[in-house]
Amino acid sequence: MAKIIAGVGSSHVPAIGAALDNGKTEEPYWKRVFSGFEKSKEWMARTRPDVAIVVYNDHASAFSVDVIPTFALGCAAEFPPADEGWGPRPVPVVKGHPELAAHIAQSVILDEFDLTIVNKMEVDHGLTVPLNLLFGPPRDAWPCPVIPLAVNVVMFPPPTGHRCYMLGKAIRKAVESYPEDLNVVIFGTGGLSHQISGPRAGLINSKWDKAFLDNLSKDPKKLTRIPHVEYMREAGAEGIEMVMWLIMRGALDDKVEEVYRFYTVPASNTAVGHIILENRRTGAAHKRSAAGKARAAAALRKVARRITTGRAR
Ligand SMILES: [Fe+2]
């Protein structure tokens with residue numbers, strides 16, 4: 001049986017990707033940001049998930065204003081990096097896990113969450129920056145298959161925090177009904193407080209952000225009652241991205257172990273937040289067996305074979 005062993009919350013600031021891609025990680029301004037993820041990379045290297053589900057938002061890269069699905073699940077075998085205006089980021093193509101993604105789509109839709117199934121999609125910094133921060137710079141390939149879940153937080157109305165939290169629970173149920181023995185880590189990305197334009201451009205509210213992280217860890221149900229207007233008022237127009245963290249949190253146990261947290265301001269004009277939460281029953285991922293590692297390698301080989309032979313699934 002597959003299981004969700006941990007959740008990762010991480011900002012996905014595009015300038016972080018640009019700093020990585022342009023060799024600026026040792027500059028003092030950026031070193032402050034990247035040093036906060038050193039322990040996270042060690043944790044991820046120990047955890048070695050078989051699959052990562054990454055909840056993020058598309059920034060007009062895969063979807064234009066013509067079509068904006070509320071929840072779009074990537075069911076393809078691979079997701080190329082998007083051209084965000086300066087060419088695609090120089091990172092590997094993200095390999096998917098079509099079998100698990102299709103299973104999640106079926107389970108969640110039959111549980112009355114009307115996901116959009118996406119069989120062809122490019123992914124932008126919203127997905128690739130958190131992968132970089134947690135997995136480090138990849139050589140030829142990302143270390144595990146990734147299932148992207150794109151959420152609309154760019155055009156009103158985005159989903160409510162409560163809806164996101166309940167979707168997380170449905171995703172967990174879906175994962176736990178998948179017969180293969182896989183360890184899954186789920187990412188919630190975006191935020192924290194920031195506003196890109198208008199009279200309040202540059203807004204950062206550290207006090208509100210830190211209370212959000214406290215509640216995410218200890219009392220997530222409290223966060224599900226925050227209305228959109230409060231995110232906008234307290235965390236800025238783009239702070240609404242934080243609802244995506246509630247999908248990640250909903251997929252975890254009610255009580256979790258917070259194993260790491262990092263917060264710094266600013267990066268670009270955004271507050272950077274990061275948290276790692278482990279499920280207490282299953283989160284001792286660093287103790288995973290050699291057999292589990294072999295399964296992870298086999299899963300990646302299977303995906304590579306499928307892509308080479310051109311089979312969609
Ligand atoms: Fe974003």
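**Pairing of strand 3 and strand 6 in the predicted model.** In this predicted model, strand 3 and strand 6 run parallel and share three bridges. Glycine 74 sits opposite valine 118 of strand 6.

**Helices packed on the sheet.** Helix 6 (residues 161–176) lies on the sheet and touches strand 1, strand 2, strand 3, strand 7 (146–151), strand 8 and strand 10. The direction of helix 6 makes about 145° with that of strand 1. Helix 7 (residues 206–218) also packs on the sheet, in contact with strand 9 and strand 10. Its direction makes about 165° with that of strand 9.

**The open sheet and its edges.** Eight strands, in the order 6-3-7-2-8-1-10-9, build an open sheet with mixed pairing. Strand 6 (116–118) and strand 9 are the edges; each has a single partner strand, so one side of each lacks a neighbour in the sheet. On average, neighbouring strands are turned by 20° against each other, direction ignored.

**The iron site.** His12 (NE2), His59 (NE2) and Glu241 (OE) coordinate the iron ion at 2.0 to 2.1 Å. Along the chain, the donors follow the spacing H-x46-H-x181-E. Histidine 59 lies in the loop between strand 2 (51–56) and strand 3 (71–74), and glutamate 241 in the loop between helix 9 (228–235) and helix 10 (243–250), 182 residues apart. Histidine 59 is partly exposed, at 27% relative accessibility. Glutamate 241 is buried, at 7%.

**The buried face of helix 3.** Ser40, Trp43, Met44 and Thr47 of helix 3 (residues 38–47) are buried. Viewed down the helix axis, the buried residues fall within an arc of 95°, so they line one face. Their packing partners include strand 1 (3–10) and helix 5 (125–135). Just past helix 3, arginine 48 adopts a positive phi of about 45°.

How values were computed
Residues are numbered from 1 along each chain as its sequence is written. This is a predicted model: local features need pLDDT of at least 70, side-chain atom pairs count only at pLDDT 80 or more; totals for chains, interfaces and linings use all residues. Side-chain values use heavy atoms; hydrogens and water are left out. Donors are N, O and S atoms within 2.8 Å of the metal (3.2 Å for Na, K and Ca); water is not among the atoms, so sites may look incomplete. Helices (H or I, at least four residues) and strands (E, at least two) are DSSP runs, numbered from the N terminus. Buried means under 20% relative accessible area, exposed over 50%, partly exposed in between (1.4 Å probe, protein chains only). The arc is that of the directions from the helix axis to the C-beta atoms. Contact means heavy atoms within 4.5 Å. Two strands pair if DSSP finds at least two bridges between them. Axes are lines fitted to C-alpha atoms, for helices over the stretch in contact, and angles run from 0 to 180 degrees between N-to-C directions.
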